[in-house]
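Hi there,

Here is the structure I promised to pass along. Please have a look at it first, and my notes follow underneath.

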Amino acid sequence: MLAIIGAMVVMTWQHGKNRALTQLLEKCQTQDATHVDRLFDLEQLNANLLDDVLTLELDNAVLNDSIDKLNK
């Protein structure tokens with residue numbers, strides 16, 4: 001009889017632990033999806049900023065050429 005009660009207690013504890021771990025897994029999966037979305041957003045922002053930097057470098061080169069021509 002004690003063995004049956006002990007087994008029931010262990011099964012109940014295992015079931016509760018399983019539910020807690022399942023909830024933790026779902027939370028982690030949601031966080032992973034959020035992180036992936038943020039990563040894609042940051043990659044797009046990085047690409048936009050790189051385009052801006054390249055444009056500014058080109059503008060800077062043109063201005064330097066113009067200054068050189070004026071100084072001659």
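Is Ile 5 buried or exposed, or something in between? Keep in mind that this is a predicted model. Ile 5 turns out to be partly exposed, because its relative accessible area is 43%, and the range for that class runs from 20% to 50%. This residue sits in helix α1, which covers residues 2–71. Together with Met 1 and Val 9, Ile 5 makes up a nonpolar patch on the surface, and the three share about 350 Å² of accessible area.

Now for the chain as a whole. The protein chain has 1 helix and 0 strands. Its C-alpha atoms fill a box of roughly 105 × 15 × 5 Å along the principal axes. The radius of gyration is 31 Å, whereas a compact globule of 72 residues would come out near 11 Å.

On the surface side, 0% of the 72 residues count as buried. The chain exposes about 6,900 Å², with 64% of that supplied by carbon and sulfur atoms.

Finally, the charges: there are 6 positive and 11 negative ones, and their mean positions lie 12 Å apart.

Happy exploring, and best wishes!

Methods. Residues are numbered from 1 along each chain as its sequence is written. This is a predicted model: local features need pLDDT of at least 70, side-chain atom pairs count only at pLDDT 80 or more; totals for chains, interfaces and linings use all residues. Side-chain values use heavy atoms; hydrogens and water are left out. Patches are made of residues with over 30% relative accessible area and no salt bridge: like charges are joined within 9 Å, nonpolar side chains (Val, Leu, Ile, Met, Phe, Trp, Tyr) within 5 Å. Accessible areas come from the Shrake-Rupley method with a 1.4 Å probe; for residues, only the protein chains shown count as cover. A salt bridge is a side-chain nitrogen of Lys or Arg within 4 Å of a carboxyl oxygen of Asp or Glu. Helices (H or I, at least four residues) and strands (E, at least two) are DSSP runs, numbered from the N terminus. Buried means under 20% relative accessible area, exposed over 50%, partly exposed in between (1.4 Å probe, protein chains only). The radius of gyration is taken over C-alpha atoms; the globule rule is 2.2 Å times the number of residues to the power 0.38. Lys and Arg count as positive and Asp and Glu as negative; His and the chain ends are not counted. The place of a charge is taken as NZ of Lys, CZ of Arg, CG of Asp or CD of Glu.
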